Amino acid sequence: MQQLDSNLNSTRSQCNQVQDDLVETEKNLEESKNRSAISLLAAEEEINQLKKQLKSLQAQEDARHRNTDQRSSENRRSEPWSLEERKREQWNSLKQNADQQDTEAMSDYKKQLRNLKEEIAVLSAEKSALQGRSSRSRSPSPAPRSRSCSRSRSASPSTAVKVRRPSPNRSKLSNVARKAALLSRFSDSYSQARLDAQCLLRRCIDKAETVQRIIYIATVEAFHVAKMAFRHFKIHVRKSLTPSYVGSNDFENAVLDYVICHLDLYDSQSSVNDVIRAMNVNPKISFPPVVDFCLLSDFIQEICCIAFAMQALEPPLDIAYGADGEVFNDCKYRRSYDSDFTAPLVLYHVWPALMENDCVIMKGEAVTRRGAFWNSVRSVSRCRSRSLSPICPRSQIGLNTMSRSRSPSPIRCGLPRF
């Protein structure tokens, strides 16, 4: 009874702590909602001011044109024909200069209006995301699947905008809005689709490390295949648009606009088949494969679509290269909950980091353990041993391994100490 009372008190304290955290998060959501509303109002005020300035400039230009017309009519009546021709030429030149200045001013104002509209779109997306989060936090939370799922879900990467689906009118979307939508989809695939894929694989594989390695390799291969498909698609579009854009300077812009408008033409199923084919021959996963990787078709298809759309951004987004046994980089990765936080080397990667040129946009996740370098060396030696000739008998292999175990390893003797 005393133990049950202590457990009951601990659970009550945890519930109180969770309620306090919920109140704090609601306060933070309200503050961010107010900030976004204030910035939205300020942007609307700037748009109204720019519209007023544009109307005043147009009125001034109309008045100036009227004055010039009146002066030219008066000069025609008072002066001879030769002077009228000269003044007509001067007036035409002045009119051309004024028209050029007007067009330049109009283009500047249009650019400012376009930027403000993009900012308003991003702020409205933030507002809708914050409202959705506040409604979710007020609703009762569903039961957790497992302890590992809840821990890994709490460490999901956060993004600024939470947009579920991109707008159908993709040609009118700005680069900022498309980037925010893709970052949101990438974050959702980490926090939701990855966990669903883990639950599917755990039915067939008991080892959590193997499951996480399979999902990471599937993500890396999906990005590689999607980038290759984007290159082929862009080359095909460039070849098809070459006859209609001969001698024009906007050829690359036209190709990029066509690719952005026709992202739905991407054949994601063929990319999924290529990814599964590459995973079946990957030596880091158990080879021959223990499980049929067709279980991950939905997950791989989503990652391929995200990676293909990320290549259409300016600049494009890509994942960081990761190798087992490398030095842990705190700027790129975050340690998982079951890692050794004092270990300097990466045992294996759970999720890749997202990069824009050389800048990290979204951190990945990695597992660090002591002796990760020797584990990676052993895995490489195992992969090489799988390619041995099957003609050699088992007894000879056993004798060779016994004699090798008594002698010092040549790999350890040749490598320097850390």
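Q: How much area does the protein expose, and what share do carbon and sulfur supply?
A: About 27200 Å² is exposed, and carbon and sulfur atoms supply 52% of it; the areas come from the Shrake-Rupley method with a 1.4 Å probe, and for residues only the protein chains shown count as cover. This is a predicted model, where local features need pLDDT of at least 70 and side-chain atom pairs count only at pLDDT 80 or more, while totals for chains, interfaces and linings use all residues. Residues are numbered from 1 along each chain as its sequence is written, and side-chain values use heavy atoms, with hydrogens and water left out.

Q: Thanks! What fraction of the residues is buried?
A: Of the 418 residues, 31% are buried, meaning under 20% relative accessible area (over 50% is exposed, in between is partly exposed; 1.4 Å probe, protein chains only).

Q: Switching to the sheet: in what order do the strands run?
A: The order is S2-S6-S3, an open sheet of three strands with mixed pairing. Strands pair if DSSP finds at least two bridges between them, and strands (E, at least two residues) and helices (H or I, at least four) are DSSP runs numbered from the N terminus.

Q: Which strands sit at the edges?
A: S2 (333–335) and S3 (346–351), each pairing on one side only.

Q: And how do S3 and S6 pair?
A: They are antiparallel over four bridges, with S6 covering residues 364–368. Tyr348 has Val367 as its bridge partner in S6, and His349 has Ala366.

Q: Is S3 mostly covered or open?
A: Mostly covered: six of its six residues are buried.

Q: Which helix lies across all three strands, S2, S3 and S6?
A: Helix H4 (residues 175–202), running at about 105° to S3. Axes are lines fitted to C-alpha atoms, for helices over the stretch in contact, and angles run from 0 to 180 degrees between N-to-C directions; contact means heavy atoms within 4.5 Å.

Q: Now the aromatics: how many pairs are there?
A: Seven, counting rings of Phe, Tyr and Trp (its six-membered ring) with centres within 6.5 Å; planes under 30 degrees apart are stacked, over 60 edge-to-face, the rest tilted. One of them is Phe186 with Phe223, edge-to-face at 6.1 Å centre to centre and 85° between the planes.

Q: Where in the chain do those two sit?
A: Phe186 is in helix H4 and Phe223 in helix H5, 37 residues apart. Phe186 is buried at 0% relative accessibility, and Phe223 is buried at 1%.
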